Amino acid sequence: VKEEGQQRHAHTRDSEDGTMKVRQNPSPIDHRAAALVASIPRSTSTPLPGQRAAGSSGSTPSALGYRQTMSPPPTRAMSARTAPASPPASVVAPAAHMQAAKAALTEEQIASMQKFVVDALAAKSSFGGSGSKYMILVNQLCSDNAVTITAWLRALKLCASQVTQDYPELLSVLFRFNMAADEQLTRAYVECVVDLVTAHSCHIAPCLRMLLSNLYPKLAQGTAALLATGPEPAYNLELSSRIATVVLNTLQRVLNLVPLSSIQLKTLLGEQFPPKRADATTLSFFLKHAIVISQIAPDLREPIFATAVNRLLQIDVDIKLDDEVEEEDDMLFAIELDAAAEAERKQQNADLAEKLDLMMDVLLEHIMTLVMNPATSASVFDMLLRMFHQYILSTHKYSPLPHTFLKHFILK
């Protein structure tokens with residue numbers, strides 16, 4: 001370490017003002033790191049979902065939630081020479097040899113990358129700064145290249161026991177993953193995260209929060225602008241369902257390996273549940289997969305049902321009924337609604353009613369499945385009776401939800 005420091009910095013003292021000037025000398029370690037980065041085969045295949053094609057202008061988002069132009073928080077120890085160098089054209093694999101390039105990433109290369117990761121983490125931990133190797137690692141995980149990120153995730157997985165909460169920049173990148181990325185990349189990421197959670201319990205909460213955030217439906221291409229205009233946007237439900245399957249399988253693995261993680265999952269489900277202002281598709285999609293979580297972890301069934309009923313009540317109280325308008329007309333200072341306001345109220349009520357109908361259909365369909373099962377019918381009836389008394393019956397003076405709930409139940 002002392003020898004590396006002597007090679008990296010050459011100190012000279014200015015005789016006039018007595019200040020210390022530092023002249024940066026290239027370190028041989030940086031050259032070795034750049035060579036290691038350049039040895040990773042780069043993909044020339046179709047860009048990931050949400051990315052621009054190669055050669056297009058503007059920055060491109062990476063699978064780990066960053067853009068290509070975005071870099072980790074600047075630190076005093078970071079300089080221009082620590083940025084990862086782009087590999088020369090001679091090492092970029094052509095499209096025709098892409099499969100061979102992937103296979104060319106041997107275990108020996110992964111072992112070399114693992115050693116690089118170990119050295120980077122040790123340097124960060126020992127000196128308390130960023131370190132050139134550490135920032136190279138973080139920048140590589142921010143890459144827009146799926147093959148590059150996959151290779152580093154495979155190496156990072158082998159060092160999971162050493163990745164503690166002392167590496168905030170690295171963890172911030174890891175727990176912003178977008179499950180809509182390349183399938184091979186997603187598989188490598190899941191394996192890496194599962195090992196991290198198993199090795200250190202401090203990673204459980206951010207991992208669960210990231211997984212639950214991926215249970216929201218994904219927008220279809222070209223519809224993001226609809227969010228600003230009001231109508232419900234179009235979603236790619238096929239892609240969203242595929243991502244949800246990966247999320248649920250990962251959650252099941254985490255719950256099996258770390259049973260106590262269900263305690264944190266109970267709290268995070270309430271935090272990550274879509275708000276009442278979300279559109280009907282988002283609310284019903286998340287509820288549908290939250291119910292699947294209750295099947296994976298039966299202890300979470302009642303908290304999930306309670307959260308869903310609370311959200312139903314929050315939506316229901318926003319509905320303006322006709323009898324409420326008549327009561328307002330009988331008041332001394334009644335406000336007469338014009339035609340535009342009345343039309344807006346009816347449209348708002350229709351949107352809210354659609355949310356209620358979709359969510360209750362999902363909820364009651366699952367309730368009927370549980371009731372028809374002799375193994376769960378008694379416990380489910382007791383749970384529903386408690387929830388009916390605690391949440392629904394107390395709102396009968398202000399809300400039609402008890403009547404609507406019973407009507408849906410009888411019709412089912």
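Here are some notes on the fold, two helix pairs, one cavity and a few single residues in this predicted model.

1. Overall make-up. The chain holds 17 helices and two strands. Of its 412 residues, 42% are buried. If you take the contacts with a separation of 6 or more, 72% of them come from residues 24 or more positions apart.

2. The α5/α6 pair. A pair of packed helices is described by an axis-to-axis angle and distance. Helix α5 covers residues 132–141 and helix α6 covers residues 146–157; they pack at about 130° with 8 Å between their axes. The pair therefore counts as oblique, since 130° falls outside the ranges for roughly parallel, roughly perpendicular and roughly antiparallel, the last of which needs an angle over 145 degrees. On the α5 side, the contact is made by Leu 137, Gln 140 and Leu 141. Facing them in α6 are Thr 148, Ile 149, Trp 152, Leu 153 and Leu 156. By type, that contact has six nonpolar residues, two polar and no charged.

3. The α15/α16 pair. Further along, helix α15 (residues 339–371) packs on helix α16 (residues 377–392) at an angle of about 140°, and here the axes are 8 Å apart. This one is oblique too, because an angle has to be over 145 degrees to count as roughly antiparallel. Ile 367, Leu 370 and Val 371 are the α15 residues in the contact, and they meet Ser 377, Val 380 and Leu 384 of α16. Five of the contact residues are nonpolar and one is polar, with no charged residue.

4. The cavity. Where is empty space left inside? Rolling a water-sized probe over the atoms is the way to show this. The count comes to one cavity of 30 Å³ or more, and the largest cavity has about 50 Å³ of space. Its lining consists of Lys 266, Leu 269, Gly 270, Phe 273, Ala 290, Pro 303, Ile 304 and Thr 307. Helices α11 (261–272) and α13 (301–316) are the elements that each give two or more residues to this lining. Sorted by type, the lining has five nonpolar residues, two polar and one charged.

5. Gln 272. This glutamine lies in helix α11. Is Gln 272 buried or exposed? With a relative accessible area of 16%, Gln 272 is buried, because the cut-off for buried is under 20%. Leaving aside residues up to four places away in sequence, Gln 272 touches Arg 209, Leu 212, Ser 213, Tyr 216 and Phe 286.

6. Asp 299. Look for this one in the loop between α12 (280–296) and α13. Its relative accessible area is 72%, so Asp 299 is exposed; the cut-off here is over 50%. The C-alpha atom of Asp 299 is 9.1 Å from that of Lys 266, with the two positions 33 residues apart along the chain. Lys 266 also appears in the cavity lining.

7. Arg 242. Helix α10 (residues 237–257) is the place of Arg 242. How does the arginine sit relative to the surface? Arg 242 is partly exposed, at 49% relative accessible area, because that value lies between the cut-offs of 20% for buried and 50% for exposed. Arg 242 and Met 179 are 63 residues apart along the chain, and their C-alpha atoms are separated by 9.4 Å.

Terms used:
Residues numbered from 1 in each chain as written. Predicted model: local features only at pLDDT ≥ 70, side-chain atom pairs only at ≥ 80, totals over all residues. Heavy atoms only, no water. 1 Å grid on protein atoms, 1.4 Å probe; cavity = no way out; pocket = protein on both sides within 12 Å on 5 of 7 lines; lining within 4 Å. Points joined across faces, edges and corners; volume = space filled by probe spheres on them. Helix = DSSP H or I, 4+ residues; strand = E, 2+ residues; numbered from the N terminus. Nonpolar A, V, L, I, M, F, W, Y, C, P; charged D, E, K, R; others polar. Buried < 20%, exposed > 50% of the residue type's maximum accessible area, 1.4 Å probe, protein only. Contact = heavy atoms within 4.5 Å. Axes fitted to C-alpha atoms, helices over the stretch in contact; angles between N-to-C directions. Parallel < 35°, antiparallel > 145°, perpendicular 65-115°, else oblique.
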